[in-house]
Each structure stands twice: as structure tokens, then as C-alpha cells.
Amino acid sequence: GIESIYTLSVCLLQIKQRMRRSIPSTQMFGSVQVETRQLFDDSYTREIDLEPIFRAGMYNRLVYRFLNFYGEDHIYNAVDEKLINSDPSSNKDNLEEKILGIDWGKMTVMMEETKNEYIRWMVDKYKLFYKLLENVESRGRMLNERIFITIWESAVKLGYEILVDSYSKVKKCSDGGRGKMGIDVETFTSLIKGIVPELAIDYAGLGSDKVKGFVGAYYIQDSRGMKQWMKKNQKLYTSEQFMGLIRVWGVKDKREVEDYLHNNFRNPSKDSKKK
């Protein structure tokens, strides 16, 4: 159904200019002159041009509901590609709780306490999801490579986004703990690639670079460098994620960066009250 609607929208977009030329720029309806081409353009903008966004949103929702890293009570905003209303207490078996249950503040890179257990838990869900897609294909349903890649990229992007969001909620972190996060992200990417090695997928663009950048920012040594990094990446992370990073940042005097954050980024608590 999703693909049928998408195919129809593509066809309509291909004949848009031909249809537009056949419509007079203005037309009289009774005693009223109507900008008919403008009405036509507005109709396309509202109903046709947005179809690719709706398609991506529907696939994102499908992926989110099946992987279910947080539980059914959580909402994935497919347009902004952000998690909202995250509350790990509603589901004891969820990714955020697994990550927050690790003592990142006392960890060293060589310690084996986590053994990538939460990463392997995630990957097991992806393996199951892949089997589901294979099952759909084996039953004769339409699932060509383009559709499969669209769905799989949505799934991978969601995983990276949840890792960033969960890491940002860690209360304490040591240099070793941050290093272990970096290793875990590399492990996740490697294992996910192993599920569908034949597909040419840009994992860096889907979010691995975003997670590694967030983890690595912990090692910035001074306030000036941190402010420059935040300004450069202000569209990539939420203000809540920036605050989570500053909370565990190893620099003693954080006041300058905290003031910069509050003065230059929206206050998430005020935003949530308005909503």
C-alpha cells in the first residue's frame, strides 16, 4: 500500500509541468478571478510533494514498532527523526535501562563488565527483523532492493539515534567509560553490516559518525573548543543531549559552557511545557 501510493505520487510529479501548462494562469468563476495555477501549485505542495516524507515516516514507524527498543508507550517523531516522551520505567527490558545500568564512571577500556551485552541485544533484534523481511519476500510479496534498503536504513538510523539519546542520559562517565562507548559503537556497526553485507549502505551518514562524534566530544579539553563544537553541531543534536554531555564532561569549570548552552539553545523544559 505504501509503495503504491508512492509510485502514484512519482507519476503525478513527472507530469506536473505538463499539467501546469494546460491550466490558465487565471480563470473567472462568476465575478471572481481565481489564480488557478497558484491553486494547482498549492494542491501539489499539500498533497503530492509531501508523499516521500509520509512514506519515510510510515516506514520509520513500522521499524520502530517492530524493534521496540523502548516499549509501546514511546513515540518516534519520524519527521524530526527524534525520540520523544522517553520513559524507561514503562518497560523494564529496554535499551536505555541497559545502558544506564552500566557503571560508566568506574570503567576502563580494557574492562569486560559489559561484554557488549546491550549491543548484542540490539543486534539480535535486527537479525529477527531481517528474518521477517525475508519471510515477506518468500511469500511472494513485493520487496525489491530499493524498498528493502529504505526499510533497513530506517532501522539502522533509529538504532544510532537511540544510542546517542541513551548515552546523553548517563550521569557519570570516566575516560575509560567513554572509550568503551566508542568500542561498543564500532561493534554495533560491524555486527549490523554482517547481517546484510551485500548491501551498499552509508552507515556513517545514517548515524555512526553522529554517535562517535557525540562520544568523542567528551575529550575536548577547553570551553572554547566545546562551544565551537556545539555551534558546529547544533542541528545534529538536541539541547537535552548537549546538556547530558556537559554533565559528564571532565573539565572542572563548566560554567562558561553551561551559560553558552542556556543562552544559545532552546530550554527543553520550557519547550515541553508549551507543548
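Let me start with Cys-173, which is buried at a relative accessible area of 11%, where buried stands for under 20%, exposed for over 50% and partly exposed for what lies in between, computed with a 1.4 Å probe on protein chains only. What you have on the screen is a predicted model, in which local features need a pLDDT of at least 70 and side-chain atom pairs count only at pLDDT 80 or more, while totals for chains, interfaces and linings use all residues. Residues are numbered from 1 along each chain as its sequence is written, and side-chain values rest on heavy atoms, with hydrogens and water left out.

To stay with cysteines for a moment, Cys-11 counts as partly exposed, its relative accessibility being 38%. How many disulfides does a search of the whole structure find? The search returns 0 disulfides, with a disulfide taken as a pair of cysteine sulfur atoms within 2.5 Å.

Now the overall picture. The chain is made of 13 helices and 4 strands, which are DSSP runs numbered from the N terminus, H or I over at least four residues for a helix and E over at least two for a strand. Of its 275 residues, 43% count as buried. If we take the contacts between residues at least 6 apart in sequence, 68% of them join residues at least 24 apart, a contact being heavy atoms within 4.5 Å.

Let me turn to charged pairs. The whole structure holds 8 salt bridges, each defined as a side-chain nitrogen of Lys or Arg within 4 Å of a carboxyl oxygen of Asp or Glu.

One of them joins Asp-41 and Arg-20, at 2.9 Å from N to O. This pair ties together distant parts of the chain, since Asp-41 belongs to helix α3, residues 36-47, and Arg-20 to helix α2, residues 16-21, with their positions 21 residues apart. Asp-41 is buried, at a relative accessible area of 16%, whereas Arg-20, at 26%, is partly exposed.

Another is the bridge of Lys-169 with Glu-96, whose closest N and O atoms are 3.1 Å apart. Here too distant parts of the chain are linked, as Lys-169 sits in the loop between α7 (145-167) and α8 (175-195), and Glu-96 in helix α5 (residues 95-100), 73 residues apart. Glu-96 counts as buried at 3% relative accessibility, while Lys-169 is partly exposed at 24%.

A third example stays inside one helix: Lys-180 and Asp-184 meet in a salt bridge of 3.1 Å, N to O, and both lie in helix α8, 4 residues apart, or about one turn of the helix. Are these two residues buried or exposed? Lys-180 is buried, and Asp-184 is buried as well. Returning to Glu-96, salt bridges with shared partners join Glu-96, Asp-165 and Lys-169 into one network.

Next, helix packing. Two packed helices are described by the angle between their axes and the distance between those axes. Helix α11, residues 239-248, and helix α12, residues 255-264, pack at about 175°, their axes 11 Å apart. That makes α11 roughly antiparallel to α12. For the conventions, axes are lines fitted to C-alpha atoms, for helices over the stretch in contact, with angles from 0 to 180 degrees between N-to-C directions; under 35 degrees is roughly parallel, over 145 roughly antiparallel, 65 to 115 roughly perpendicular and the rest oblique.

Which residues make this contact? From α11 they are Phe-242, Met-243 and Ile-246, and from α12 they are Val-257, Glu-258, Leu-261 and His-262. By class, the residues of this contact divide into 5 nonpolar, 1 polar and 1 charged.

I will finish with three single residues. Thr-36, found in helix α3, is buried with a relative accessible area of 10%, and, leaving aside residues up to four places away in sequence, Thr-36 touches Ile-23, Pro-24, Ser-25, Thr-26, Gln-27 and Phe-29. Phe-29 lies in strand β1, residues 27-29, is partly exposed at 49%, and, under that sequence exclusion of up to four places, touches Val-34 and Thr-36.

The last one concerns the backbone. Most residues other than glycine have a negative phi. Asn-68 has a phi near 50°, which is a positive value in a residue other than glycine. Asn-68 is located in the loop between α4 (51-67) and β3 (75-77), and is partly exposed, with a relative accessible area of 23%.

Note on methods: Ala, Val, Leu, Ile, Met, Phe, Trp, Tyr, Cys and Pro count as nonpolar, Asp, Glu, Lys and Arg as charged, and the others, Gly among them, as polar.
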